[in-house]
Amino acid sequence: MRVLVTGGAGFIGSNFVRQTLETRPGADVTVLDALTYAGSTTSLDGVLDAVQFVEGDVADAELVGPLVAESDVVVHFAAESHNDNSLADPSPFVRTNLVGTFTLLEAVRASGVRYHHVSTDEVYGDLALEDPKKFTEDTPYAPSSPYSASKAGSDHLVRAWVRSFGLRATLSNCSNNYGPRQHVEKFIPRQVTNVIDGVRPKLYGDGLNVRDWIHVEDHNAAVWTIIDEGRAGETYLIGADGEMNNRDVVRLVLELMGEDPDAYDHVTDRAGHDRRYAIESGKLREELGWTPRFETFRDGLAATIDWYRENEAWWRPQKEATEAKYALSQQVVGH
């Protein structure tokens, strides 16, 4: 099988590439990645020689067309994905998430290859803390940031291309990922690396915002299950029943790292900060037979902390620039 992985040098994509090489030794993997700040070939250390790596933009039709034509399946991870960045400058999110997806869909339409589109639960907006419901495949879209709006738009493009042109495509919307090789700007690795550096973690607002966490390895196993067993045109929600509010996540990080669970600071909340996400993954589990490997969030988080402790050389170059950016943004908010 010839697999084209867009965004394969990013967090989820690089873990997907590694997992594919480990579990499907006959696969011929090509990685397309623009190597923006969130993507790095260091995320593919040890496997880079086993793949064909192409540096480029998913919105570049002349580059994308031949790569898609040479593939049996396209797995589209490439995305601008950080909410804070989308509030500061939405334009890269429109280009990568909308124009990039359109470019891929047109190439897939021309070549007739299998396509899987990776998306987020943030397209559904948020839920009230006291609401017993969870997001399902039938939940109406209600994005609340430029990032989630651009991902919602890309999902709609895929569905339109399935209906209008008969693409052999599936979609997945996943809850918050965590695990190895996640950029230190993201919530969990930022807290973990702060504690390693002896810095108190920072928590937006009251810290009661709830996210539904899933380890990246479980997410990627679900993606392969959908590619293998999913029905064309269908959407599958991927979640591991990992709901926890941000305050409790920070406290658990501190506890697992041998620190006082109350040794964190509150900072001004982010604009448009969604209150709660929660995934109902029954369709994926019941129809396709997928189950997560990590039985609890605590187990997955402990393994993730170990990885960051053991791989400082990977994340250290990102850390100073990330903290400088956050310090500046918080100074602006303070005014």
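Author: Two rings of Phe, Tyr or Trp (its six-membered ring) pair if their centres lie within 6.5 Å, and the planes make them stacked (under 30 degrees), edge-to-face (over 60) or tilted (the rest). This is a predicted model, so local features need pLDDT of at least 70 and side-chain atom pairs count only at pLDDT 80 or more, while totals for chains, interfaces and linings use all residues. Residues are numbered from 1 along each chain as its sequence is written, and side-chain values use heavy atoms, with hydrogens and water left out.

Reader: Which ring pairs with Phe135, and is that pair stacked, tilted or edge-to-face?
Author: By this rule the count comes to 14 aromatic pairs. In one of them, Phe135 meets Tyr124, with the ring centres 5.1 Å apart. The planes stand at 35°, so the pair of Phe135 and Tyr124 is tilted.

Reader: Where along the chain do Tyr124 and Phe135 sit?
Author: They are eleven residues apart. Strands (E, at least two residues) and helices (H or I, at least four) are DSSP runs numbered from the N terminus. Both rings belong to the loop between strand 5 (114–120) and helix 5 (146–165).

Reader: What about Trp307 and Trp314: stacked, tilted or edge-to-face?
Author: Their ring centres are 5.5 Å apart. The planes are at 70°, so this pair is edge-to-face.

Reader: Is Trp314 buried or exposed?
Author: Let's use the cut-offs: buried is under 20% relative accessible area, exposed is over 50%, and partly exposed is in between (1.4 Å probe, protein chains only). Trp307 has 13% and counts as buried. Trp314 has a relative accessible area of 13%, so this ring is buried.

Reader: Which residues do ring pairs link into a cluster?
Author: Two of the names have come up already, and both are buried: Tyr124 at 3% and Phe135 at 1%. The full cluster is Tyr124, Phe135, Tyr141 and Tyr277.

Reader: Which helix gives the most to the largest nonpolar core?
Author: A nonpolar core is a set of buried Ala, Val, Leu, Ile, Met, Phe, Trp, Tyr and Cys residues joined through side-chain atoms within 4.5 Å. The largest one here has 28 residues, and Val5, Phe16 and Ile238 are among those with the most contacts inside it. Elements giving two or more residues include helix 1 (11–23), strand 4 (73–76) and helix 7 (216–229). With five residues, the top giver is helix 7.

Reader: How many residues of helix 6 are buried?
Author: Helix 6 covers residues 187–196 and is mostly covered. Its buried residues include Ile188, Arg190 and Asn194. Out of ten residues, the buried count is eight.

Reader: Are helix 8 and helix 10 parallel, perpendicular or oblique?
Author: Axes are lines fitted to C-alpha atoms, for helices over the stretch in contact, and angles run from 0 to 180 degrees between N-to-C directions. Angles under 35 degrees are roughly parallel, over 145 roughly antiparallel, 65 to 115 roughly perpendicular and the rest oblique. Helix 8 (residues 246–256) and helix 10 (residues 297–310) pack at about 60°, with axes 10 Å apart. That makes helix 8, relative to helix 10, oblique.

Reader: And how do helix 1 and helix 7 lie to each other?
Author: They pack at an angle of about 65°, with their axes 9 Å apart. Helix 1 and helix 7 are therefore roughly perpendicular.

Reader: Is Ala313 buried or exposed?
Author: Ala313 has its place in helix 11 (residues 312–334). Its C-alpha atom is separated by 33 Å from that of Val73, 240 residues apart along the chain. At 72% relative accessibility, Ala313 counts as exposed.
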